[in-house]
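Here are a few notes from reading through your model, set out as numbered points. I hope they are handy to have beside the viewer.

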Amino acid sequence: MDSSVLPTAMPFKSDRRPKSKSIQSSKPSLFMALISCFAWLYVAGRLWQDAENRTLLTNLLKKNSEQRPKMLTVEDKLMVLGCKDLERRIVEIEMELALAKSQGYLRNQLQKSGSSSSRRLLAVIGVYTGFGSRLRRNVFRGSWMQNSDALAKLEERGVVIRFVVGRSPNRGDSLDRNIDEENQTTKDFLILEGHEEAQEELPKKAKFFFSTAVQNWDAEFYVKVDDNIDLDLDGLIELLHSRHDQGSAYIGCMKSGEVVSEEGKAWYEPEWWKFGDEKTYFRHAAGSLFILTKDLAQYININSASLKAYAHDDISLGSWMMGLQTTYIDDIRLCCSASTQDKVCSLA
């Protein structure tokens, strides 16, 4: 009995030992598997990051290549040279045009409204007026146009006189139509088609008036007059005759005065700081009436695009004359507010 039990007990002990060995040998495998998993995750993360970096670099390179100046081909260079040559030719033509104007080759120079004479006039007188000033114009006409042929008789004496007005900001409205209808009856307007008739545009009106007048009439003098003064036309004509052959003359009631720098006050000058610390205007003719000889009117016509306009027309004109070899003539007879007996104008 004892010998048969022992042999069966021994194999049972030998079967338990190999199982413990297999458990021990699986631990390194699990450890290696974890290491491999972490390594795979690390490599995958780096590859993903590298892919993002490559995409970012690709986009940056593409953007830089678009912004980088392109290489000019021969055709491009020829085009650039052609543009430069065209620009040079335009500048030359503009210079030739300015020279032609300065020599008297002006558009419609000999065309005179209501007159076929080609002789040189004594003066072109422009009376500044506005849309709402018909009553003033009628009073003004009463002093020199006693009958229907007064304009023709004045031109026989070498004097052209016109009311000067621009166009309405709303082109073709009732303001424009009223002026056109009045002009059809009186035929005494010079309508500045390129000028907008508005208070803030008044300083620019001088450029349009002198440019248009010198292009349409050949005269010795060009005169600007306000419509709110009483004008002794015969006295003015006598004065102009006395200044005959006076070259480069700027004639008027010369004055100066304080530059108003406070906004809201009368005669405010927005660019007051340009007139120095003393805030005093340079010498200039009063705006009610001033006279230019033809060469100075031609200068305005030629350079009108580059002439600076200030807040007031008399200041603007005075600034244009400062840089020229101009003869300033201070004539007290042109001081409308003066009390002299022989003055040619007075405040209405």
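1. Let me start with the overall picture. Among contacts between residues at least 6 apart in sequence, 76% join residues at least 24 apart. The model is a predicted one, and its protein chain holds 9 helices and 9 strands. Of the 348 residues in the chain, 37% are buried.

2. Next, the aromatic residues. The structure holds 6 aromatic pairs. One of them is formed by F140 and F163, whose rings meet edge-to-face, with 6.0 Å from centre to centre and 70° between the planes. This pair links distant parts of the chain: F140 belongs to helix α3 (residues 134-142) and F163 to strand β2 (residues 159-167), 23 residues apart. F140 has a relative accessible area of 4%, so it counts as buried. F163 is buried too, because its relative accessibility is 1%.

3. A second pair worth a look is F209 with F210. Their ring centres lie 4.9 Å apart and their planes are at 55°, so this pair is tilted. Both F209 and F210 are buried. They also belong to a wider group, since Y128, F209, F210 and F290 form one aromatic cluster.

4. Please take a moment over Y128, a member of that cluster. Which lysine has its charged end over the ring of Y128? K205 does, at 4.7 Å from the ring centre. K224 lies over the face of Y128 as well, at 4.7 Å from the centre of the ring.

5. On to helix packing, beginning with α3, the helix that carries F140. α3 packs with helix α5 (residues 174-186) at an angle of about 15°, and their axes are 13 Å apart. Angles under 35 degrees count as roughly parallel, and that makes α3 roughly parallel to α5. The crossing of α3 past α5 is right-handed. On the α3 side, the residues that meet α5 are R134, R137 and R141; on the α5 side they are I179, E182 and T186. As a reminder for reading that α3 list, an α-helix has 3.6 residues a turn, so residues three or four places apart point the same way.

6. The other helix pair I would point to is α6 (residues 202-216) with α8 (residues 294-303). These two pack at an angle of about 115°, with 8 Å between their axes, and α6 passes α8 in a left-handed crossing. From α6, the contact is made by K207, F210, S211, V214 and Q215, and from α8 by K294, A297, Q298, I300 and N301. F210 thus appears here as well as in the aromatic cluster.

7. How much of helix α9 (residues 313-322) is buried? The count is 9 of its 10 residues, so α9 is largely enclosed by the rest of the structure. The buried residues are D313, D314, I315, S316, L317, G318, S319, W320 and M321. Two aspartates, D313 and D314, are included in that list, and you may like to inspect them in the viewer.

8. E193 is found in strand β3 (residues 189-196). Is E193 buried, partly exposed or exposed? It is partly exposed, because its relative accessible area is 45%. Leaving aside its neighbours within four places in sequence, E193 is in contact with R167 and R171. The C-alpha atoms of E193 and V165 are 8.8 Å apart, with these positions 28 residues apart along the chain.

9. Finally, a check on backbone geometry. Two residues have a positive phi without being glycine: K187, at about 55°, and D245, at about 65°. Where do they sit? K187 is placed in the loop between α5 and β3, while D245 lies in the loop between α7 (233-242) and β6 (249-258). K187 has a relative accessible area of 54%, so it counts as exposed. D245 is exposed as well, because its relative accessible area is 64%.

Conventions: Residues are numbered from 1 along each chain as its sequence is written. This is a predicted model: local features need pLDDT of at least 70, side-chain atom pairs count only at pLDDT 80 or more; totals for chains, interfaces and linings use all residues. Side-chain values use heavy atoms; hydrogens and water are left out. Rings of Phe, Tyr and Trp (its six-membered ring) pair if their centres lie within 6.5 Å; planes under 30 degrees apart count as stacked, over 60 as edge-to-face and the rest as tilted. Helices (H or I, at least four residues) and strands (E, at least two) are DSSP runs, numbered from the N terminus. Buried means under 20% relative accessible area, exposed over 50%, partly exposed in between (1.4 Å probe, protein chains only). A charge sits over a ring if NZ of Lys or CZ of Arg is within 6 Å of the ring centre and within 35 degrees of the ring normal. Contact means heavy atoms within 4.5 Å. Axes are lines fitted to C-alpha atoms, for helices over the stretch in contact, and angles run from 0 to 180 degrees between N-to-C directions. Angles under 35 degrees count as roughly parallel, over 145 as roughly antiparallel, 65 to 115 as roughly perpendicular and the rest as oblique. A crossing is left-handed if the near helix is turned anticlockwise from the far one by less than a right angle, and right-handed if clockwise.
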